[in-house]
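Thanks for making time this morning; I would like to walk you through one model, going from a pair of packed helices outwards to the other chains. Please keep the structure open while I talk, and stop me wherever something is unclear.

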Amino acid sequence: MGTGVQTPAIDGYRPQAPFLDELFEDDGTPRPTARALVEELRRLGPEGLIEAGRRRDAIFMQQGITFETKGADDGEGATKERPFPLDLVPRVLSGQEWRDIKRGLAQRIRALNHFVDDVYHAREIVREGLVPWRLVASCPHFARAVHGIRPPGGVYTHVAGCDLVRHSDGTWKVIEDNVRIPSGISYVLENRAAMARLVPELFASYRVRPVDHYPQLLLSALRSVAPSAESEATVVVWTPGPANPAYFEHAFLARQMGVELVEASDLVVRDDVLYMRTTRGLERAHAVYRRLDDDFVDPLEFRPDSLLGVPGLIRAYRAGSVAIANAFGTGVADDKAIYCFVPDMIRFYLGEEPILENVKTYLLSDPEVLAHVLDRLDQLVVKPTGESGGKGVMIGPHADEVELQRMRRVISTHPDRWIAQDVVRLSTVPTVGVDASLQPRHVDLRPFAVFGERIDIVPGGLTRVALEDGSLIVNSSRGGGSKDTWVLEDGDDADRAGPPIADTQPPALPDLRYGAWTGQQQQQQQQTR
Amino acid sequence: MHFAIRFLTEYRYDAPVTDNLNALRVRPATTSTQRCDEFHTRIEPEARVSRHLDYFGTEVLEFGVPTSHEQLTIDVRARVVTSPPPEPPEGSWESLLSPAYVDAAGEFALPWQDQPLLTGLDDLHDELEADSPLETLELLCELVPDRFEYRPGATYVGSTVRDLLEMEAGVCQDFVHLSLVLLRRRGIAARYVSGYLWAAPEDHGTDSLEVDTHAWLEALLPSSDGHGEPVWVSADPTNRRLADGETHVKIGHGRFYSDVPPVKGLYMGGATSELNAAVTMSRLDPQTSARA
Amino acid sequence: MLARIAHELYWLGRNLARAEFTARAVEAVFQAELQGTSETTPGVSFGSGGLLAMFGDVSEEPIRPRNGRALGQLTLDAERPGSMLASIERAREGARTVRDVISAEMWEAINTTALGLREGGQLFGAHPPAPAGPSLASQYVKERTALIWGVANRSMLRDEAKCFLDAGGLIEISDMVLRMLRVALPVSDSAPADGHALILLQAVGGFHAYLRAVTAPPNARPVARFLLFERAYPDSVAACVDSLHEVFTTADAGPRNSKPVLRVSRLAADLDFQRRALPDGAELTGICEQTQQELARIDQDVAERYFAGAAAAGLRR
């Protein structure tokens, strides 16, 4: 061990049974893939971690990689900008583990895409009796305005972020699908860049798959669905504006892809074609990566009071003159109630068994199921179907009797607005605590998939970590943090973005004899001495 | 009956406007009791009109005027033939639970988005107790015009059922919204209908009337024997009767008004607009209206 | 580029140039009044009153020299849209909108300037302004704007974005110089020896350039001619118009049919003709007025041609 007086941050780390720890076995020995990492963490020690943490906060504040939180605990109080909470201990996944996840995700996303297409056209899955139409029609995000429209290539879910959790038995389960405007990829990229800068020594013994090709993946996908020759397609990123909490990501992606970042005032539809207002007059936009919710995109078809939308955009979309990613109306597939049917979708559309399982979920519209759930409320998680970001979620085992009673009343009034799920024993990963010692904290995973001509998934994704001891809520808006996610190279070239950088000898430059100045001048200087 | 319908809309703007986008739901539908024989649109300034069927099957006409203009004229003409509907079925309350009914009802049996728990609704609900869904429907057509005064100006296009209950007055749109809530509360699927009403009394010698677009409803009633297909039956609470299909010319239906507005539009420019709209219905002699 | 962004850049340029000009002019007037030389002699009259008049503020009574309040209004009064502080604040707002187009360095330079002016307001003395107040603030802004343009010229790509930024600055400077001349030049035709046109040169920072370019002493007429026609001096109206032509020709997709480009080109030709054709003692106020009006038309042409799309007057039903 080191010569220093301090105790290594990771000494005496013990996983918390019955939860699976991803870096350590139950008895406290590091897992094989984690050994080198743990050793480096020992060497780094608490001082090193604290120092790196300080540098991280300074860098993030300076670069504006922040997010806003409400001041006080009750949600009131002035919003404050905080540096994005990146925890310095990465999560490590083996190449093999990742391959299984990838296959499962690709399968699931394909099925969800089929479902969206089906719902707005033939409704075969409904005719088959697998999904009740009333459930689809009552989804708040079911978009009647786009009924009958089929986008190029039949792709609706261009960007998908399906949230995964790892159960204590080691299996991966999908906890939630996100196919409307999933966000967080910019944090994945910035986290990796930051880690490389702050704690490069942790990477020493590892070959970690790169993630920085995401913008290129997205750009290719957008170009491939655009209604024009690929090389000529004008792609734009559409943002609601700087007031939006995810604005940083919108600007980041536009910059990385080298495309314009537009707001509603820059866009106009004439004759069912979408244009950008430029200094050279109107220029056509062929593909739009939009980061607005459906509700706001077109005051003629959705919310009439939306100032963030472009009148006539749905017309252009219907006419096929512009590609929109993600397509309008995809929210019908990531509705929490529809989630229960995804395994059926996989079987129905793909004829395959699901590779990734759902978490057991209960639809409360059935009175028997409702009664059963109310009885066991202290053992379940309940979520409102209309919210996202962890809002309104109640975790039975963590709630007191008063809260449980209140929930029983609320749910009974509108059972169709809630679902209940078994509590998943989320896995843990060592996380830097306040005193720089490492403690097990629960994590989930949001990989990012791009669906263009095929489905590409960036290795790893955003690992979100609950920073409070015992907490299962990982959302950043509710006090969560994130970790860099490493997928290790293991010889499988499957999703390599480009050839590896070869170790070659640089060429010799014989005329650089004196290291800086070339011949003549040097001689003159010598002569004048 | 044979009708010629003319729907003339004129907008005048107090300053030039551009990018004037509009969607029209004005064409009479073709159904089992109605047929639209002719249909013409004229827009000024000239604009290319595109058509499609929306989610509810209503024909939508869309156009845009990008260049600067100070007035917009939309002139729509149609010829339509209507025939009387069959007798409404007298199914039972139990049949509302049958798979055939649930299937046919679809989303029209779903409660309102945020089912208003309003005082006054409960009383009305109780008064609609009857032996069959058809009877409830008939009672409804009496109850609503009895309790609420038809008064234009009491409400506006964005009014809610709550407004109607408070004002105790409203127009056809409000009467229908309230009726839909009450029917769905009893498990009867119902939908909002927009159309034209030939409002002349039978014995009146008129053959041409100026009317407004009208709102009524269609309720899904189970078949008399409980096994056959349920039937959509029109009812007009504003006019106190089950709609007699001949005088009611349907344009389309939806869950509520904003699913089938006759004219919807937006323009760019700070000008205020002045609207003049007139719908003229003319009764035609079957001989003269049957053209090639 | 997006019309909205070009519009913001153009106005960023205008606001920065206005702040800089105001700073220099206030400084010059302040110094002159301190030495009692600005409004007491016949010929060129340019003091606090003149400054205020430049910004459209004509008061009932003549403004007494060393009027701290007047200078304070021009520099640190947040309520006045024409004040130096207001210009810098607007520049900062605009810069924030176009952060993705200007370099991080430029944004930081502008941001720091705005923050410094705000906070330093206490030091600079805003209400009521201490005699030294506006002067310190002006020196600060003078230095900082020079820095900001320096950073812009080094770190920005010479593309459309830079063109619009420069265009804004050029139009603003020429407009300011013309206003100053119109307010300061004597109306009568007589041209007594009135070496106090010096203040005009100091207001733009062109004193040394004048000395190198012109043999005549700094009287009203030669100074006015210098500021109007001397193309070798970058802040002269003619030089600005020449640069404007270059800049729009680069930015425009079709310069040969472009209204603003053609108008600027005509204006440049007119100025050149006037320079050659006008006798030395000729009346220049009329020319200043016409040129200023022509610049206003150019500004309008620019808005129509490049930013027209951006200004949407709102959606109505």
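Let me begin with the contact between two helices of chain C, bearing in mind throughout that this is a predicted model. On the H7(C) side the residues that take part are Glu160(C), Cys163(C), Phe164(C), Asp166(C), Ala167(C), Leu170(C), Ile171(C), Ile173(C), Ser174(C), Val177(C) and Leu178(C), and in H11(C) they meet Val237(C), Cys240(C), Val241(C), Ser243(C), Leu244(C), Val247(C), Phe248(C), Thr250(C) and Ala251(C). Sorted by class, this contact of H7(C) with H11(C) has 15 nonpolar, three polar and two charged residues.

As for the geometry, two packed helices are described by the angle between their axes and the distance between the axes. Helix H7, which covers residues 160-184 of chain C, packs against helix H11, residues 237-251 of chain C, at an angle of about 155°, and the two axes are 9 Å apart. Angles over 145 degrees count as roughly antiparallel, and therefore H7(C) is roughly antiparallel to H11(C). The crossing in which H7(C) passes H11(C) is left-handed.

H7(C) also packs against helix H1, residues 3-34 of chain C, here at an angle of about 40° and with the axes 7 Å apart. Is that crossing left-handed or right-handed? H1(C) and H7(C) cross in the right-handed sense. From H1(C) the contact draws on residues including Leu9(C), Tyr10(C), Trp11(C), Arg14(C) and Phe21(C), while H7(C) contributes, among them, Glu160(C), Phe164(C), Leu165(C), Ile173(C) and Met176(C). By class, the contact of H1(C) with H7(C) is made up of 15 nonpolar, three polar and five charged residues. You may notice that Glu160(C) and Phe164(C) appear in the contact with H11(C) and again in the contact with H1(C).

Stepping back to chain C as a whole, its secondary structure comes to 13 helices and one strand, and, read from the N terminus, the elements run α-α-α-α-α-α-α-α-α-α-α-α-α-β. Chain C has 317 residues, of which 52% are buried, and among its contacts with a separation of 6 or more, 70% are between residues 24 or more positions apart.

Now to chain A, for which the count is twelve helices and 24 strands. Of its 529 residues, 45% count as buried, and residues 24 or more positions apart account for 69% of the contacts with a separation of 6 or more.

One piece of chain A that I would like to point out is an open sheet of three strands in the order S9-S10-S11, with antiparallel pairing. Its edge strands are S9 and strand S11, residues 281-284 of chain A, each of which pairs on one side only, and the twist averages 45° from one strand to the next. Within the sheet, strand S10, residues 273-278 of chain A, pairs with S11(A) in the antiparallel sense over four bridges; the bridge partner of Arg277(A) is Leu282(A) in S11(A).

How many residues of chain A are in contact with chain B? There are 15, and they are in contact with 13 residues of chain B. Helix H4 (133-137), strand S9 (267-270) and helix H8 (313-319) of chain A each supply at least two residues of that side, and H4(A) gives the most, with three residues. By class, the side of chain A that touches chain B has six nonpolar, three polar and six charged residues.

A single residue of chain A also deserves a look, namely Glu22(A), which lies in the segment before helix H1 (35-63) of chain A. Glu22(A) is buried, because 21 other C-beta atoms lie within 10 Å and the cut-off is 20 or more. Leaving out residues up to four places away in sequence, Glu22(A) touches Arg91(A), Ser427(A) and Val429(A). Glu22(A) is 292 residues from Ile314(A) in sequence, and their C-alpha atoms are 46 Å apart in space.

Last comes chain B, where strand S13, residues 248-254, is mostly covered, with seven of its seven residues buried. Strand S8, residues 190-197 of chain B, pairs with S13(B) in the antiparallel sense over six bridges, and Leu197(B) stands opposite His248(B) in S13(B).

Terms used. Residues numbered from 1 in each chain as written. Chains lettered and ligands numbered in written order. Predicted model: local features only at pLDDT ≥ 70, side-chain atom pairs only at ≥ 80, totals over all residues. Buried ≥ 20, exposed ≤ 12 C-beta atoms within 10 Å, placed from the backbone. Contact = placed C-beta atoms within 7 Å. Nonpolar A, V, L, I, M, F, W, Y, C, P; charged D, E, K, R; others polar. Axes fitted to C-alpha atoms, helices over the stretch in contact; angles between N-to-C directions. Parallel < 35°, antiparallel > 145°, perpendicular 65-115°, else oblique. Left-handed = near helix turned anticlockwise from the far one by under 90°. Pairing = 2+ DSSP bridges.
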